[in-house]
Amino acid sequence: MAQDVAILDFGSEKITVLIGERGVNNTINIIGMGECNYDGFSDGMWHQPDQLGIAVGMAISNAETNSRTKIRHLFIGVPGEFCSSVCKKVDLSLNKKRKITDLDVDALHEQGNTFKLNSDMMLINSQPIYYTIDDGRRLMQPVGLTSSRLGGFISYIFAETSFIDFVDKIMSEVGIESVEYVCSMLAETLFLFSDIERDRWVVLIDVGCSTTNVVVARGDGILCMNSFSRGGGFISADLATAFEIPFSLAESLKRKIVLSLNVGDDDVYKVSTSRDSTASFPAKEVNAIATERIKSIAKTIEECLSNCKYEFPDYIPYHITGGGLCYMRGARDCMSKFLGKPLQIVAPSLPQFTRPHLSSSLGLLDMVLNRQAAPAKKKGFFSRLFGGEK
């Protein structure tokens with residue numbers, strides 16, 4: 001029986017811990033799951049850092065109880081707000097024409113790692129946009145081919161050292177013996193799109209409750225990654241302010257919104273306020289508030305993409321995932337209109353887990369399980385993909 005693994009995913013409003021194993025036909029069997037709501041983060045800062053350890057401990061404990069197992073080693077997803085990426089061309093002479101080995105690929109990645117003196121950032125992932133050999137071909141798997149040189153365009157992803165140090169301390173306090181870190185957006189991108197799709201470029205937009213991540217990817221790597229602190233929860237906040245209602249009631253109102261309806265002046269959304277009473281809100285005004293917030297998010301997404309120095313084809317569609325907007329009826333079409341691009345909702349394709357808000361957690365688990373299942377001769381790829389064990 002395959003060894004089960006555990007991941008922890010920091011969402012913008014919820015911490016999720018999954019324990020799983022690889023099932024038949026490359027499916028994922030979830031053995032245990034634990035969740036805990038918390039105050040999240042914005043602009044690269046925790047909202048209530050002194051409470052984070054309690055929330056992490058509760059999520060881990062819930063997963064352990066649910067699975068009847070003890071988590072000793074944990075793979076931790078680093079949110080996009082605490083990550084950055086750098087791509088660079090690297091070239092390695094093999095001295096003579098011979099077959100390329102995994103060790104050669106490892107040496108190429110290490111040669112490009114010239115970032116070791118930056119104490120503020122820690123390298124957690126390294127993977128190719130593409131490799132090249134002496135006949136000029138671009139490819140994703142050079143091992144076994146004959147060449148006198150090996151080159152590549154390599155994506156290096158870093159996590160803020162302050163994030164690593166803070167989370168390391170929490171994990172030690174809750175009894176986790178060792179941890180490894182991986183970029184959540186990288187895991188999500190590799191999980192949601194096939195090799196063929198990524199070779200044609202991918203633009204992925206993950207809109208959460210209070211954070212949006214924008215990624216341009218190709219091959220096995222991320223070319224550009226940007227984050228900003230706005231998401232679907234800001235619609236609820238706007239509604240709470242406009243109608244002077246509690247945030248919880250505004251959240252319930254947001255779930256009623258249908259932006260695809262052509263509402264009139266007399267149309268209302270009714271929301272239960274207690275067992276026997278409801279409150280009514282003018283649908284036209286509610287839709288206008290939600291639309292304006294989506295327009296604001298779309299504008300910032302455009303700014304993120306315009307800041308990407310790598311020009312990607314204009315014809316590729318954009319993809320959206322996460323729980324911030326995907327469940328709001330009509331939000332995708334509204335966002336697509338403001339972006340001026342086709343926008344497709346993407347979610348895990350696993351039975352019973354086809355929910356956009358699970359993209360990040362399941363992406364992390366899938367990446368770790370792939371690492372576990374890799375033959376010994378291919379372990380080099382995963383040692384590059386993951387940061388060092390701590």
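Good morning. The torsion about the S-S bond of Cys224 and Cys308 is about 65 degrees, so this disulfide is right-handed. I begin with that bond, and I should say at once that the model before you is predicted.

The two sulfur atoms of Cys224 and Cys308 are 2.0 Å apart, and the structure holds one disulfide. What does the bond tie together? Cys224 belongs to strand E14, residues 221-228, while Cys308 sits in the loop between helix H8, residues 283-306, and strand E17, residues 318-321; the pair therefore joins parts that are 84 residues apart in sequence. Both cysteines of the bond are buried.

Let us turn to two other cysteines. Why does Cys36 form no such bond? The closest cysteine sulfur, in Cys209, is 15 Å from the sulfur of Cys36, which is too far for a bond. Cys36 counts as buried, because its relative accessibility is 11% and the cut-off for buried is under 20%. Cys334 is a similar topic: its sulfur lies 13 Å from the closest cysteine sulfur, that of Cys326, and this too is too far for a bond. With a relative accessible area of 9%, Cys334 is buried.

My next subject is a pair of helices. Two packed helices are described by the angle between their axes and by the distance between the axes. For helix H6, residues 233-243, and helix H7, residues 247-256, the axes come within 8 Å and cross at roughly 115 degrees. This crossing of H6 and H7 is right-handed. Which residues make the contact? On H6 they are Gly233, Ile235, Ser236, Ala237, Leu239, Ala240 and Phe243, and on H7 they are Phe247, Ala250, Glu251, Leu253 and Lys254. By type, the residues of this contact of H6 with H7 comprise eight nonpolar, two polar and two charged.

I now come to a sheet. It is open, has four strands in the order E7-E10-E8-E9, and its pairing is antiparallel. Which strands stand at the edges? They are E7, residues 83-99, and E9, residues 138-139; each has a single partner strand, so one side of each is left without a neighbour in the sheet. Within the sheet, strand E8, residues 121-133, and strand E10, residues 146-160, run antiparallel and are joined by 11 bridges. Tyr131 stands opposite Gly152 in E10. Helix H2, residues 102-112, lies across E7, E8 and E10, and runs at about 135 degrees to E7.

Next, the backbone. Most residues other than glycine have a negative phi. Asn95, which is found in strand E7, has a positive phi of about 70 degrees although it is not a glycine. Is Asn95 buried or exposed? At 75% relative accessibility, Asn95 counts as exposed. Asp43 also has a positive phi, near 50 degrees. Asp43 is placed in the loop between strand E4, residues 41-42, and strand E5, residues 45-46, and with 64% relative accessibility Asp43 counts as exposed.

Finally, I ask you to find Glu177, in the loop between helix H3, residues 161-173, and strand E11, residues 178-183. Glu177 is exposed, with a relative accessible area of 56%. How far is Glu177 from His73 in sequence and in space? The two are 104 residues apart in sequence, and 6.0 Å apart in space, C-alpha to C-alpha. Thank you for your attention.

Conventions:
Residues numbered from 1 in each chain as written. Predicted model: local features only at pLDDT ≥ 70, side-chain atom pairs only at ≥ 80, totals over all residues. Heavy atoms only, no water. Disulfide = S-S within 2.5 Å. Helix = DSSP H or I, 4+ residues; strand = E, 2+ residues; numbered from the N terminus. Buried < 20%, exposed > 50% of the residue type's maximum accessible area, 1.4 Å probe, protein only. Axes fitted to C-alpha atoms, helices over the stretch in contact; angles between N-to-C directions. Left-handed = near helix turned anticlockwise from the far one by under 90°. Contact = heavy atoms within 4.5 Å. Nonpolar A, V, L, I, M, F, W, Y, C, P; charged D, E, K, R; others polar. Pairing = 2+ DSSP bridges.
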